[in-house]
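Here are my notes on this structure. Please read them with the model open beside you.

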Amino acid sequence: MRYFFLIYAIIAVLVVGIFGFRGQQFAKPPLRIFPDMDEQDVLRAQKPDAFFANGQGGRLPVPQTQPRGFNEDGLRELGGIPEYEFSGDTGYYYTGQIGDYFGNGMPEELALTADHATALIRRGQAVFTINCALCHGPSGDGQGITSTYGVPVAANPNAKLNSISPTIYPDGRIFNTITQGKGLMSAYGPNIPVRDRWAVIAYIHTLQAAKASQPKTR
Ligand code: HEC
């Protein structure tokens, strides 16, 4: 009987000790024997946080952030967010090819008018500056920043985008090069939507016009 009371007392102490203080709030930080990442300096969604000056835990996107597929010019001037597609159908718009040949000119799917053309070129400038200028140079002369680090872009005469001739390098072929890549240049089809690829091509034409209007120096 003595043992019964002893065991009863031990069990009672254990039960109270283990379960009795669950949910209790303590002022002091708990003693951590194994610091197994229970406590972390993380932001909790929808909770205030003292780390930031305004006490707001959730961060707002940086100004000028654009959600994927959002095109401000497109929204304003093309009358709605343009469709955002990377591949899809056959036909000139999606492949740059007409039958077995590369075509030339802007596809009718862009529904270009004189007003839209400016928006498309501006869009092309943005996409070109982000994706192509680092290798091909801001003016398309093949002297991008990577040429200083040994990427031989300008070694290929076709890579001087501001002087390729449309007779040997029609628009459809540029489209194909952006989509599939070529030689040392990797494919940008997965990164640049179809419409933006055409916008880049439109912008390359302005670079060519700019180059052609320069006085010839030797
Ligand atoms: C990482 C560097 C890099 C980027 C970014 C890049 N290119 Fe290139 N590009 C090259 C190199 C290198 C070549 C030469 C390829 C070769 O001869 O192997 C080339 C070649 C080309 C050619 C000529 C290909 C041929 O048929 O001879 C075209 C056209 C072209 N690039 C367009 C573009 C456009 C448009 C973009 C932006 C969407 C772009 N490139 C982005 C590196 C790049």
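Is Asp 196 buried or exposed? Keep that in mind; point 4 settles it.

1. Start with the kind of model. This one is predicted.

2. Go to the iron atom of the ligand. Two protein residues act as its donors: His 136 through NE2 and Met 185 through SD. They lie 1.9 to 2.1 Å from the iron. The iron site has 6 donor atoms, and the angles among them run from 86 to 178 degrees. The site is octahedral. His 136 sits in helix α5, residues 133-136. Met 185 sits in the loop between α6 (171-180) and α7 (194-212). The two residues are 49 apart in sequence, so the pair ties together separate parts of the chain.

3. Now check how accessible these two donors are. His 136 has 10% relative accessibility, so it counts as buried. Met 185 has a relative accessible area of 28% and is partly exposed. The cut-off for buried is under 20%.

4. Turn to the charged side chains. The count comes to 1 salt bridge. Asp 196 pairs with Arg 123, and their closest N and O atoms are 2.7 Å apart. This pair also links distant parts of the chain: Asp 196 belongs to helix α7, and Arg 123 to helix α4, residues 114-131. They are 73 residues apart. Back to the opening question: Asp 196 is buried, because its relative accessible area is 7%. Arg 123 counts as buried too, at 19% relative accessibility.

5. One thing to trace on the model is helix α7. The loop holding Met 185 lies between α6 and α7, and Asp 196 of the salt bridge is in α7.

Terms used. Residues are numbered from 1 along each chain as its sequence is written. This is a predicted model: local features need pLDDT of at least 70, side-chain atom pairs count only at pLDDT 80 or more; totals for chains, interfaces and linings use all residues. Side-chain values use heavy atoms; hydrogens and water are left out. Donors are N, O and S atoms within 2.8 Å of the metal (3.2 Å for Na, K and Ca); water is not among the atoms, so sites may look incomplete. Four donors count as tetrahedral if all angles lie between 85 and 135 degrees; four count as square planar and six as octahedral if opposite donors are over 155 degrees apart and all others between 65 and 115; anything else is irregular. Helices (H or I, at least four residues) and strands (E, at least two) are DSSP runs, numbered from the N terminus. Buried means under 20% relative accessible area, exposed over 50%, partly exposed in between (1.4 Å probe, protein chains only). A salt bridge is a side-chain nitrogen of Lys or Arg within 4 Å of a carboxyl oxygen of Asp or Glu.
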